[in-house]
Amino acid sequence: MIICQCNGVSDRAIRKAVRDGAGNRNDVVRACTAGMACGGCVPAIEEIIDAEQERIARSSLTVLELATS
Ligand code: FES
């Protein structure tokens, strides 16, 4: 799904930027140009960043739990 209409950036590209280390909106803008023009997509970008970081944290916790069990 396209999140940033101005630059044609998908949710998938934003999630990949987060997995590759983008930790905030500015990092995502640098990584994939989402949010670089009108800014209308910024709330959605921030939601995706939060959700992806939470998913990554849960995955890391699961790996840690498996490693210690
Ligand atoms: S919709 Fe993303 S910058 Fe305009």
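The legends below describe close-up views of one predicted model.

**Figure 1. The whole protein chain and its helices and strands.** The protein chain contains three helices and two strands. From start to end of the sequence, these elements follow the pattern β-β-α-α-α. Taken along the principal axes, the C-alpha atoms fill a box of roughly 50 × 20 × 15 Å. The protein chain has 69 residues, and 29% of them are buried. Among the contacts with a separation of 6 or more, 52% are between residues 24 or more positions apart.

**Figure 2. The surface and the charges of the protein chain.** About 4,500 Å² of the protein chain is exposed, and carbon and sulfur atoms supply 53% of this area. How many positive and negative side chains are there? The protein chain has 8 positive and 9 negative ones. The centres of these two sets lie 6 Å apart.

**Figure 3. Helix 3 from end to end.** Helix 3 covers residues 42-68, which is 27 residues. At 1.5 Å a residue, a helix with this number of residues should span 39 Å. The C-alpha atoms at the two ends of helix 3 are 39 Å apart, so the model agrees with the expected span. Within this helix, the C-alpha atoms of Val42 and Leu64 are separated by 33 Å. These two residues are 22 residues apart along the chain.

**Figure 4. The buried residues of helix 3.** Which residues of helix 3 are buried? They are Val42, Ile45, Ile48, Ile49 and Glu52. An α-helix has 3.6 residues a turn, so residues three or four places apart point the same way. The cover over the buried residues of helix 3 includes strand 1 (2-4), helix 1 (11-19) and helix 2 (25-32). Val42 belongs to helix 3. Val42 counts as buried because its relative accessibility is 12%, and the buried class is under 20%.

**Figure 5. Asp11 and its contacts.** Asp11 is a residue of helix 1. Is Asp11 buried or exposed? Asp11 counts as buried, because its relative accessibility of 14% is under 20%. Apart from neighbours within four places in sequence, Asp11 is in contact with Met1, Ile3 and Ile48. One of these, Ile48, is also among the buried residues of helix 3. The C-alpha atoms of Asp11 and Ala57 are separated by 19 Å, and the two residues are 46 residues apart along the chain.

**Figure 6. Cysteines without a disulfide.** A disulfide is a covalent bond between the sulfur atoms of two cysteines. The structure holds zero disulfides. Cys32 is in no disulfide, and the nearest cysteine sulfur, that of Cys4, is 8.0 Å away. A disulfide needs sulfur atoms within 2.5 Å, so Cys32 and Cys4 do not form one in this model. Cys32 is buried, with a relative accessible area of 15%. Cys38 is exposed, with a relative accessible area of 62%. The exposed class is over 50%, which is why Cys38 belongs to it.

**Figure 7. Thr33 in the loop between helix 2 and helix 3.** Where is Thr33 found? Thr33 lies in the loop that runs between helix 2 and helix 3. Phi of Thr33 is near 70°, which is a positive value in a residue other than glycine. Thr33 has a relative accessible area of 30% and is partly exposed. This class lies between the buried limit of 20% and the exposed limit of 50%, so Thr33 falls within it.

Key. Residues are numbered from 1 along each chain as its sequence is written. This is a predicted model: local features need pLDDT of at least 70, side-chain atom pairs count only at pLDDT 80 or more; totals for chains, interfaces and linings use all residues. Side-chain values use heavy atoms; hydrogens and water are left out. Helices (H or I, at least four residues) and strands (E, at least two) are DSSP runs, numbered from the N terminus. The expected span of a helix is 1.5 Å times one less than its number of residues. Buried means under 20% relative accessible area, exposed over 50%, partly exposed in between (1.4 Å probe, protein chains only). Contact means heavy atoms within 4.5 Å. Accessible areas come from the Shrake-Rupley method with a 1.4 Å probe; for residues, only the protein chains shown count as cover. Lys and Arg count as positive and Asp and Glu as negative; His and the chain ends are not counted. The place of a charge is taken as NZ of Lys, CZ of Arg, CG of Asp or CD of Glu.
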